[in-house]
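Subject: A structure to look through

Hi there,

Here is the structure I promised to pass on. Have a look at it first, and then read my notes below.

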Amino acid sequence: MERQKIDIIDRIKIVEAQRKDISGIAKVLEGTLKQDFVYGPHDFNENVDYSFSASLEREHERVYVAKENDEVVGFAWFMNHPPNNGTAILEMLAVGKDYQRQGIGSYLINESSNLFVESQREAGINLRTLHLTTNLSNQGAQDIYTKAGYEVAGEIKGFVGDGNVEVVMVKRISDEPCPIEYKTQ
Ligand SMILES: CC(C)(COP(=O)(O)OP(=O)(O)OC[C@H]1O[C@@H](n2cnc3c(N)ncnc32)[C@H](O)[C@@H]1OP(=O)(O)O)[C@@H](O)C(=O)NCCC(=O)NCCS
């Protein structure tokens, strides 16, 4: 396992995505979360291009790509839309089909979370938590998130429609306590 970790650090670079990386992100999505970008009058590639181009322009969003040589093999997409009491979202995480189960996802989520939290700190926002939702039956995703420090905080039934259950997972970022006015009695 330790050997694999060293190999990953040598092989994979985690960097902020640029416009030129969007086609690589689309390739990763093709074999993973394609259905999320199949909607409306435009095709899959147009929807991916639209979403990520817009995201790259937003001050409080970040997309990080995992690259092997110059190829995008995975990405993580974070959103922080203040005012939100120091909470931000890990919107999407994916590793290309041919690159899964090699430790890339774990490396990506850890490195990119640190980069994102730091980027927001530099923008004057101290994040208190990161959160996400994932399908209850996506055990692989829950395992990787748990290993990255997220804890299951609840379930949302019917979130994507009848028959769907999403798990909410939360990761604590700072020791700063919840503001008194948000405490539940
Ligand atoms: C979830 C995902 C990002 C994991 O990426 P990855 O590079 O394969 O993850 P890693 O190799 O770092 O695996 C880390 C751990 O996660 C768990 N895990 C990952 N994939 C798993 C799977 N298919 N089944 C069970 N556990 C899995 C394991 O505990 C694994 O540790 P191990 O290999 O030592 O057993 C990847 O499978 C993926 O892109 N899936 C499709 C998109 C998706 O479901 N995204 C998350 C919801 S938005």
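N85 sits in the loop between strand 3 and strand 4. This is a predicted model, so please read everything below in that light. The phi of N85 is near 55 degrees, which is positive although the residue is not glycine. Most residues other than glycine have a negative phi, and most peptide bonds are trans. N85 also counts as exposed, because it has 12 C-beta neighbours inside 10 Å.

The loop that holds N85 has another feature you may want to see. P82 and P83 are joined by a cis peptide bond, with omega at about 5 degrees. P83 is likewise placed in the loop between strand 3 (71–79) and strand 4.

Which residue in the loop between strand 4 and helix 4 should you look at next? It is R101. Its phi is near 60 degrees, again a positive value in a residue other than glycine. R101 has 8 C-beta neighbours inside 10 Å, so it counts as exposed.

Two other loop residues are on my list. H60 is located in the loop between helix 3 and strand 2. With 16 other C-beta atoms within 10 Å, H60 is partly exposed. Setting aside residues up to four places away in sequence, H60 touches N80, H81, P82, Q120 and A123. One of these contacts, P82, is a partner in the cis peptide bond with P83. H60 and Q139 are 79 residues apart in sequence, and their C-alpha atoms are 29 Å apart in space.

N69 is in the loop between strand 2 and strand 3, and it counts as exposed because it has 8 C-beta neighbours inside 10 Å. Between N69 and R11 there are 58 places in sequence, but the C-alpha to C-alpha distance is 7.6 Å.

Now to the inside. Which residues of helix 2 (residues 22–30) are buried? They are I22, G24, I25, V28 and L29. These residues lie on the same side of helix 2, because they cover an arc of only 155 degrees around the axis. Their cover includes helix 3 (44–57), strand 2 (61–68), strand 3 and strand 4.

I25 comes up again in the largest nonpolar core, which has 39 residues. Within that core, the residues that touch the most other members are I25, V65, A66, F75, A76 and L108. Neighbours within four places in sequence aside, I25 is in contact with A17, V48, F52, V65, V72 and F75. V65 and F75 are thus on both lists, as contacts of I25 and among the core residues that touch the most other members.

Next, the strands. In a regular strand the side chains alternate between the two faces of the sheet. Strand 5 (residues 129–135) has L130, L132 and T134 on a covered face, while T129, H131, T133 and N135 make up an uncovered one. Strand 5 runs parallel to strand 4, and 3 bridges join the two; A88 has L130 as its bridge partner in strand 5. Strand 5 is also joined to strand 7 by 7 bridges, and here the two strands run antiparallel. The bridge partner of L132 in strand 7 is M169.

Strand 7 (residues 165–172) also pairs with strand 6, in the antiparallel sense and over 6 bridges. The bridge partners in strand 7 include V170 for E151 and V167 for E155. How many of the 7 residues of strand 6 (residues 151–157) are buried? The number is 0, so strand 6 lies largely in the open.

Last comes the ligand, which may interest you in particular. It is surrounded by 21 residues, and the closest are Q100, G105, S106, G140 and I144. Strand 4 (87–95), helix 4 (104–122) and helix 5 (139–147) each give at least two residues to the shell around the ligand. Helix 5 supplies the largest share, 6 residues. By class, the shell is made up of 8 nonpolar, 10 polar and 3 charged residues.

Happy browsing, and all the best!

Methods:
Residues numbered from 1 in each chain as written. Predicted model: local features only at pLDDT ≥ 70, side-chain atom pairs only at ≥ 80, totals over all residues. Core = buried A, V, L, I, M, F, W, Y, C linked by C-beta atoms within 7 Å. Buried ≥ 20, exposed ≤ 12 C-beta atoms within 10 Å, placed from the backbone. Contact = placed C-beta atoms within 7 Å. Near = placed C-beta within 6 Å. Helix = DSSP H or I, 4+ residues; strand = E, 2+ residues; numbered from the N terminus. Nonpolar A, V, L, I, M, F, W, Y, C, P; charged D, E, K, R; others polar. Pairing = 2+ DSSP bridges. Arc of directions from axis to C-beta.
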